[in-house]
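Q: Please take a close look at one part of this model, and describe how its side chains are arranged and how exposed they are. Then set that part beside some other regions of the structure.

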Amino acid sequence: MRPSAARAVDFAVKIRVNPQQTGIDTNVKHSMNPFDEIAVEEAVRLRERLKTEVKSIQAVTIGSPKSIDTLRTALAMGADSAIHVEIPESDPAPEPLAVAKTLKAIIEKQKEGIDIVILGKQAIDDDLGLTGQMLAGLLNWPQATFASKVEVDVAKREVVVVREIDGGGEEIRCKLPLVITTDLRLNVPRYATLPNIMKAKKKPVTKYSAADLGVDLTPQLETLKVTEPPTRVGGGKVESVDELVAKLKEAGITAV
Amino acid sequence: MASNATRLRAIALYKELSRLGRDYPDPSYDFQGRIRRLYEKNRNLTDPEDIEKALRMGEYIKKETLALYSLRKYRHLKRMYPDSTSDPLDPHS
């Protein structure tokens, strides 16, 4: 089983656009993307439910040397080993297609074969939500995205997933191997306690570079401009209904 | 100071609480200072019953703080990513 563990801007940080208007200020606190925490948690819970059927849980991240922190967190939460595809600090963050290609290369390198890849549905700093779907497409595997419930039937090698869709939930049955992306309501991740963090230091972390995997991570998109949303203008108070109607007419809103 | 076993437990708990305190959302709360003062207040306990009580209090603080972090994160995420059956503008769904 392979959960992804992306490093994103921490959820509590107030995002600021950088002065050049080319992106956001990244000199802030980062932590594991919350949806990826849910992915790691689900992998650990699947092992708790299925016991020895889950042979190993490997966490993967693609990023700068600082990303090792997210791998340590994943190991502390219960992953057995980790893989770090290291890219230089100065390089731009990889795009979803590049990430998907890298994950595919890693999966194909695994001799024992991977049955389930679990990713967060999107990263909270870029909100792209593309990697899981692209990976499934590249591998030609089925995908169960926005999962809010996962049930594995080992004997039949099938997984029943409830997906969050507009207006409710959709239940689908998929054959293994499978790509799952997690939604918020799948589980509540555990906090990595100090004893587990200490134990995690002994767990193996394999390092690769993009060249080792034969993947090109150069961005194909160029960000032209990033701006903050326009500041909210305050509302005005009116004295009577007639005044309200007059103001609405001024604003160009006509009666239906 | 009591037996070596409880001493080790107390130290481990202190380290855990210190680490937890680093993530406290309100910078003016001085989590570290409070933990330090609580520990110093209880440094000369000898009765095993009292020691157990103090350690249980420490564990309680740890659990409450974890719950605080968990809830805060969950509430934030729920607001930013409302589910399909709830109205994003309704704070109660």
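A: A residue counts as buried when its relative accessible area is under 20%, as exposed when the area is over 50%, and as partly exposed in between, with a 1.4 Å probe and protein chains only. With that scale in hand, one can turn to the aromatic residues of this structure, which is a predicted model.

The part chosen for a close look is a single aromatic cluster made up of A:Tyr191, B:Tyr24, B:Tyr29, B:Phe31 and B:Tyr69. Over all chains, a search of the whole structure finds 7 aromatic pairs. In one of these, B:Tyr24 is paired with B:Phe31, the ring centres lying 5.6 Å from each other and the planes meeting at 40°, a tilted arrangement. A further pair joins B:Tyr29 to B:Phe31, with 6.4 Å from centre to centre and 45° between the planes, so this pair is tilted as well. B:Phe31 thus takes part in a pair with B:Tyr24 and in another with B:Tyr29.

The accessibility of these residues can be placed on the scale given above. B:Phe31 has a relative accessibility of 8% and therefore counts as buried, whereas B:Tyr24, at 22%, counts as partly exposed. B:Tyr29 has a value of 27%, so this residue is likewise classed as partly exposed.

B:Phe31 also belongs to a helix packing within chain B, where helix H1 (residues 4-21) and helix H2 (residues 31-41) are set at an angle of about 160° with their axes 9 Å apart. An angle over 145 degrees counts as roughly antiparallel, and H1(B) and H2(B) are therefore roughly antiparallel to each other. Their crossing is right-handed. On the side of H1(B), the contact is made by B:Ala10, B:Leu13, B:Tyr14, B:Leu17, B:Ser18 and B:Gly21, while H2(B) contributes B:Phe31, B:Gln32, B:Ile35, B:Arg36 and B:Tyr39. By residue type, this contact divides into 7 nonpolar, 3 polar and 1 charged.

A helix pair in chain A can be set beside this one. Helix H3 (residues 96-109) and helix H4 (residues 131-139) of chain A pack at about 50°, and their axes are 8 Å apart; that angle makes H3(A) oblique to H4(A). Here too the crossing is described as right-handed. The residues that meet are A:Pro96, A:Leu97, A:Val99, A:Ala100, A:Lys101, A:Leu103, A:Lys104 and A:Ile107 in H3(A), and A:Thr131, A:Met134, A:Leu135, A:Leu138 and A:Leu139 in H4(A). They comprise 10 nonpolar, 1 polar and 2 charged residues.

Elsewhere in chain A, A:Gly78 sits in the loop that runs between helix H2 (68-77) and strand E5 (81-86). With a relative accessible area of 22%, A:Gly78 is partly exposed. Leaving aside residues up to four places away in sequence, A:Gly78 touches A:Val44, A:Arg47, A:Ile57 and A:Lys203.

As for the chain that supplies A:Tyr191 to the cluster, chain A has 7 helices and 11 strands, and its C-alpha trace spans about 75 × 45 × 40 Å along the principal axes. Of its 256 residues, 43% count as buried. Among the contacts in chain A with a separation of 6 or more, 68% are accounted for by residues 24 or more positions apart.

Terms used. Residues are numbered from 1 along each chain as its sequence is written. Chains are lettered from A and ligands numbered from 1 in the order in which they are written. This is a predicted model: local features need pLDDT of at least 70, side-chain atom pairs count only at pLDDT 80 or more; totals for chains, interfaces and linings use all residues. Side-chain values use heavy atoms; hydrogens and water are left out. Axes are lines fitted to C-alpha atoms, for helices over the stretch in contact, and angles run from 0 to 180 degrees between N-to-C directions. Helices (H or I, at least four residues) and strands (E, at least two) are DSSP runs, numbered from the N terminus. Angles under 35 degrees count as roughly parallel, over 145 as roughly antiparallel, 65 to 115 as roughly perpendicular and the rest as oblique. A crossing is left-handed if the near helix is turned anticlockwise from the far one by less than a right angle, and right-handed if clockwise. Contact means heavy atoms within 4.5 Å. Ala, Val, Leu, Ile, Met, Phe, Trp, Tyr, Cys and Pro count as nonpolar, Asp, Glu, Lys and Arg as charged, and the others, Gly among them, as polar. Rings of Phe, Tyr and Trp (its six-membered ring) pair if their centres lie within 6.5 Å; planes under 30 degrees apart count as stacked, over 60 as edge-to-face and the rest as tilted.
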